[in-house]
Structure formats: C-alpha cells, structure tokens
Protein chains: 2
Amino acid sequence: MARSALTDDVEVVNVGLPMFADAVRAQGRPVRHVDWRIPADGDLDAVRALTVLHGDSAAAVDEANAEVVRRLDQGVPTLVGVVPAGTVVPGLHERMILHSGPPLPYAEHCDPLRRSMRAAVVAEDWAPDVEEAERLLAADDVLIDAANHHDTVVPMATAIGPSQPVLVVENREGGTRAFSPVNQGPGDVAWFGRDTGAAIARLRLLAETVGPAIGRILDSAGGLDVLALAAQGIAMGDDLHMRTQSATNLLARTWLPHIAALPDDQRVPFAEYLAGNHLFFLNVAMAAAKSLQLWAEQVPGSSIVTTMSRNGTTFGIKLAGSPEWFITEAPPVGEALYYSGHGPETSARDIGDSAVLELTGMGGPAAGGSPAVAAFLGGTMADAAAATEGFAAITAGTSTRFTLPPMGFRGTPLGVDVRKVVELGITPKVTTGILHVDAGTGQVGAGVATAPLACFTAALHDLAGRQARTL
Amino acid sequence: MARSALTDDVEVVNVGLPMFADAVRAQGRPVRHVDWRIPADGDLDAVRALTVLHGDSAAAVDEANAEVVRRLDQGVPTLVGVVPAGTVVPGLHERMILHSGPPLPYAEHCDPLRRSMRAAVVAEDWAPDVEEAERLLAADDVLIDAANHHDTVVPMATAIGPSQPVLVVENREGGTRAFSPVNQGPGDVAWFGRDTGAAIARLRLLAETVGPAIGRILDSAGGLDVLALAAQGIAMGDDLHMRTQSATNLLARTWLPHIAALPDDQRVPFAEYLAGNHLFFLNVAMAAAKSLQLWAEQVPGSSIVTTMSRNGTTFGIKLAGSPEWFITEAPPVGEALYYSGHGPETSARDIGDSAVLELTGMGGPAAGGSPAVAAFLGGTMADAAAATEGFAAITAGTSTRFTLPPMGFRGTPLGVDVRKVVELGITPKVTTGILHVDAGTGQVGAGVATAPLACFTAALHDLAGRQARTL
C-alpha cells in the first residue's frame, strides 16, 4: 500500500455537502460536518437584500426586532368583554361581512369561505336563504373585507357580520385592542365551510345566547389575563392552535361560579355549548395574539412578520412597520391525517387567520410540548420537538411566558424574522384543520401547512429597499 | 516498560463495585460494568426467602402476579353515586369514625389525625365542641377504625363519620365496590389536621350540599369511567396524586351541563366548591384504585402489594391473598419543599391512604409525565423520569392505560412486587403533602416519603412461609 502524504491521524472538517463527510466517516476517521448551505438557495437578488439587512442596516433592524419581541413577550392582553361586532369593531360597515385571509373579490374566494359568508348573511337576516345570500354577495349588495383590516382575526373559514359577538381583548400597556368572534365549536358549523340550517342556527345561538352569557360572566368575574391562562394550557400539553383543550378546561373551572350564577335562559345552553367545545379557547388566544401584533407592528424598520393569514385562495404576510401585504397562492395542507374517504383531492387549501398564533409563540412553536400535536407530526415527542426547532431557526427571540416541559422547560420561539426565513429557505409550518374543497361537508382532516416562500422573499426586498433609502 | 501478559486490546467486564470499572475507564480501555449488588443487602434470612420465591415457587408466584397485574390494568371502575357513608360502607358502626392508615388506639394517633377525628365527631353532632369530642374519643365512647377495613380509602389526615358523603365506585367485572369521601379542598380543612370552626363547617357543607349535588349530577350524567378520565389527566401532566388539576378541570367541563341544571340551593355553592378545589379528582382516583385492589387482593399466593397506608404514626402494607398487615413506624417526608417558616422539625410524619395510587400505576409511577411533580424531585423532567424508573425496577407489569408522553408514551409501572423491593432494597417513593406536627395549622409543605423496608421484608417472609407450606 502506498504511503499517504497525510499523517496517520487525519481529522476532517467538511463544509457544505454532507456526502464528503459521510465518506470520511465511513473510513472510521473523525470528521466535523458544518451544515453550510448557499444563502437563499443562491438567489442573488435575495442575497443582495440580505447583504443590506445584515450589513449597514443590521444594527437598526436588530434593535427594531428586539422591541417587537419585547412587545410580543411582555404585553398582557386582557379579555374584557363580549359585544356585537357592529358596536365595537372599527370600520365595520353596517352591511359588511369580515372574512379570514387577505382581501379578495367574492368571486375569487374558495368554496368553504363563500358558503360561510352566505351563512353569515342569512344569520344577519339580510337574506331569507343562502341562494339569496349568494345573489347579494355576488352583486356587492353586501360588502366583504379581510377581518385583519379591522383589528380582528377569525379562524378557518369564519365569516362574521355586525350581529356576531366578538371577544374584546385589550393590551393596555400598548394601547391596542383586538377582536375575534366566539368560536362556533365542532360539527355542522359555518367556520368549517358549512351553509346548512344548523350552521346558521349556531351563528344565531352565539349572537343571542352564548355571546351575552360570556359578556355577563366577564362582568361578574372581571377581565381574564389570557396569556397567563394560555401558558398553563401549554404546560398541560396544548399548543393552543390545533389543541386548546387544557386551556378551555381550566377556563371552564375558573368561570364555574359565574356560569352557575347566569340567568336560567342563558345558563344551560351556554353550559352545553362550552362542554361541547374543546376549541373555545382558540379564538380567545387569537384575539390576544392580535392585540400584541397590533402593538408590535407600530415598530418601524423591523424584519419580523406581524400578520400571516390565509383565505383558502391566497396567503399573505405583513412586516412590522409597513401596511403592505405580500401575497401569494395559498398552499395545500400536507403531513395530514384525513377522515375516512378523504384525501388531498377533496381538500381545500390552507385557510384562516389563526397563524397569528405562530407569530406569537403558540401553535407550531409550542408543538414540542404537545403530545396531541405530535400525532400529526410523526407520532413521537421528538417529531414534535423538531417543529419547535424549525421555528427556533427562523425567529428572533424566545418567549419567557410559554415554556415546554418535555424540552427542558425552554421558551417557545418568538418573532418570525423574514431575513432568517429567506436565508435558510425555511418557512413557518402551521398546524391546522382541513376543509372539504367544494362539497360543503365541513372538516375532512387536519395537518401541517408549510408557508410559501415567495411572499417572504417579496417582503425581504421591500424592507431592504426601505432600509437602503434611509441609509 | 515491562511487557504485560495481556494482549494490547484489553476489554473488561466488571461485576459489582463500580470503582474497578472507573479505574479501567480512566485508562481509556473499553469496560462493561454490571451493576450487581448482594441481594437484600446480604440479609441471609431474606436471601433464603427469596430463594424459595424465585425457586420452586417462582412459577406459581409469577402466575398469581400476572393475574393481579391483569386486574389492576384491565378493570373499569365506574363512579356511580355519592351517598352518606353510613348508608353504604360495610361495617361502619353508627357511632364510628374511619381514619387513614393502619388501625391504632386513639391515644397513639398523631396530632393532625386526632384533630381531624375530633372535627368529624363535632360535624356528626355527637359533641358540641372539640373538647367534648376529645373526651368521647379518649373514652372509646366513639369507636374508631382504619378506613381500609371498610373498603374505604381516605387521603392525608381525613376522618369521616356516617354522615359524610362517599364516592361509590364499582368495578363490575370484578364484583368489588370501594368508597372514598368527597375531597375537602385546600385551606382550613380537617384532612390537613385542622379542628377549627371553619374545618367543621366545611365537613357540614360536604354532607349537606356538595355530596347531594354530585349525587344528582351522576343521576343525570350517568356513571363516570374514572380511569379513562384519569388517563387523559396523566396525558395532560397530572400524576393524579400530588397534582390532579387536569383531570379535575376536564371533569368540570364534562359535567358542566349537569352542574348548570342543579337546583338553586346546590348550584352556586357546588360551583364555588369545585372551582376552588383542584384536588377534587384525588379522592375519585383513590376510590377507583381501591376498587381494583379489592379485586386484586383476592388472588392467592401473589407477591404484589395491594394495600399501602399510613396514619402519621405507623406505616402498613398487605399482600394480595392475605389479610395480614405488616406494620412499622411511619417515615418522615423527605425531598420536601416547605412553606416559609417550616421545616422537618415542624412536620408530621407520612400520612394517608393515598399510596393506593402508587400501587395502581398513578402517583410516583406517573411522575415522569408531570412537570408539576418534577419541581419536587429536582426540577427537571429527567428527575421526574427517575422516579418512574424507580418504580419500574420494583413492579411486575406496565399499565396499558396510563402513558407518559415525555417518556416516549411508555406505560406507567404497575404492581409493586415485594420480591423486587427486598432484593434491590428499593421501596416505593410516595409524593405527598406535609402537615404541621402538633400545632393544628394545616399543610406546611409537600415532598416525597420513602416507604420503610422493614414491613416489606416481613411480608416477604410471610409469603415465603406460606409458599413453603404449600410445596
């Protein structure tokens, strides 16, 4: 055997493609692999934008981001009341329906959201049936707008008119206030893309009984520190997006004396509603998250995403400090578990404003603490932890409020940084339900939607352009 | 350097003391350490008993143990009602108080349990005040007995008379039925060793309002599959001994419509009671566990412990298939966190029948899934997992019902085998509260009590003797 020019003890540092490291390792020699990749997958325009934002602008962006993270981590959203949307939501026209996702003309909306809007129009008594509701919506006789334009967030295919009760959440330190409707619960419901008589009746029950009952409970119990309760839910295995059962249960016991004191006509219907709705806390958490994002988005020059929202047709984000939407096509929901007889071909695309949770340290960032979410991500707690790690790679900070016991009580990743998203090519993964694409039969499964990269790249360019102008 | 008689590649197997393995490892050579110890710490009598039980009797004992584990794992205890103890508990004399732990004359009981018995006597209206109650108890004008003698289990220093409401839990397949009083809640309460007016008033509230309310809820909601709900609580971070909050919260939401339908005079007081008592499920889980142990203890010739109970003075166990108590002194509670101003010198010794949970796959065996319990065991989830592993070393089976997400969804250890306890010198560790030793001021902390070995060794000898006679 020929004598090598190398010493006997070769130790290797490999940068980039792992196959070279694997080859050295196969020969039994020590090797340290550096997992380096070409930034932004070699997109030279993106590299130039990153060069601006990591170069002369880096200190200013980092400072802005630190303030955004501080607001998201330290703000104390308080649920103070429940009132009809029309009495409190800014800019809600008296004949307007608010919907999830970026704005879009009615005709371009997906089938589940159109059905939900029709159900909302009937529940408002603007039309006697869904056929007439369709006519009014198609003719712009009823206006529609993105809920996010009105400080409001709505999950899945939720659509609401002025009579629907909204949770009012105040962030007093930040001077912001956000809204979310009362969750409609599982089953035959409009937010799952149903426009049946039962779905419409459920909207009326919320307006006539459930909303007023919660309002009365809050009057008697006082305001609720939403994220203090949310943190307890996370410690009990909720991610607060796909699973909100522990937080809902805790809230039910906390409010129990006030529920017991409700008047006869509200008490039993509200109790049946809450006992049957393990998702109640979802909308409460969303409104709280939105109240913090409304504060965070006032910080100029940040690279952190403060809006991320889908309507089943388009997917849009906004950065702190800018009113601009960056919009692309809504992705399908992958890594899914389907109800029997369903699959990708019967599934609508990703929908809902609930991804505001992922921007605020809940949902995907909290997956590593949730056995229930693990079932959708491969089955083991290590799979769930990998989802949290994915967010850690693209976020600017860590929650001091939400901690994950199975991951050594580490805080959840907080504040999605568009620079890291584009540089690494890793976009947020959102745990979510799946609706039928066009049959109006409601939920058909649940899974993980991977956000599309294009809108993050567009947002990065916009920020780099703004920064270049200020230098 | 002198040439060794050994080859260059020495690999070592070390058995016993680890220091030899450490020395080899320090020289950079491979070593496999076998953690062998002298069985039963060299107690030759115990080794002889183990020789019987691992020798000719092994197959019979293993078969009996497998049946015990099957009953503990597969039985379905159902909470069917709540009625006054005097109407249902077998052998409960009309002027008798049941207490935790092995039987003991009144004068030998610890201060907290004597106070609790006095409070119970006043709550029964047998005495106008605790001074007169003390006179009646000291004079045997009121009888006392171990709750365990009456198919009943009571936590901490609980003492109950015939008027106190008991949870009735049926194990239909096994034909057994067990009882536990309704939990008194936190604060100024008799089960924490208080004999104040408030503690007595709480017992009366349970008898007059809370017990009847739960009975009515069960009439309306139907029986409760206790351990199905318990398993959900464990998946949400309860160990179901030190922490029962998730199970209590889930039960509150499950029962909510039936609570809302209670009559006016029960509804608000019951709601306030349940909202303020995160320990409600403790007694429910204990009664369910006892109903399974009553079935398991009918199996002859088993080495599995089916009763483990403490009264603050003595600590006793029983084996399946034998009515015999093996009793020794109650241990102190160690590894404790104390309320400000308290410590070992102000603490009563280990007390309560709640260790029935540790015999049934809950409590310590479930510690590895409980972030709240981890705080008492060192702070990390690895510390909590070590408590579960400690039980795994001394148990005969694994629960298929209770699984621990942070430990890869493994089942909790089930069925404490006295052979393994004595052979390894590892006794069960029980997570528990701590009461003031003599001031009647209630709870002063919480910690971990390590069961004393002596009663396990005595039980082992008794079983070996019984087995030797049948060979």
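Which residues does B:Ala260 touch, leaving aside those up to four places away in sequence? In this predicted model, the list reads A:Ile259, A:Ala260, A:Arg267, A:Val268 and A:Ala271. Every name on that list carries the letter of chain A, while B:Ala260 itself sits in chain B, in helix α8, which covers residues 245-260. As for its surroundings, B:Ala260 has 23 other C-beta atoms within 10 Å, so it counts as buried, the cut-off being 20 or more. Within its own chain, B:Ala260 can also be set against B:Ala271, eleven residues further apart along the chain: the C-alpha atoms of the two are separated by 9.0 Å.

Over in chain A, a couple of backbone angles are worth a look. Most residues other than glycine have a negative phi. A:Asp41 goes the other way, with a positive phi of about 55° although it is not a glycine. Its place is the loop that runs between β2 (31-34) and α2 (44-54) of chain A. Here 13 other C-beta atoms lie within 10 Å, and A:Asp41 is therefore partly exposed.

A:Met156 is another residue other than glycine with a positive phi, this one near 50°. It, too, belongs to a loop of chain A, namely the one between β5 (143-146) and β6 (159-160). Is A:Met156 buried or exposed? It counts as buried, because it has 29 C-beta neighbours inside 10 Å. So the two loop residues part ways here: A:Asp41 is partly exposed, whereas A:Met156 is buried.

Terms used. Residues numbered from 1 in each chain as written. Chains lettered and ligands numbered in written order. Predicted model: local features only at pLDDT ≥ 70, side-chain atom pairs only at ≥ 80, totals over all residues. Helix = DSSP H or I, 4+ residues; strand = E, 2+ residues; numbered from the N terminus. Buried ≥ 20, exposed ≤ 12 C-beta atoms within 10 Å, placed from the backbone. Contact = placed C-beta atoms within 7 Å.
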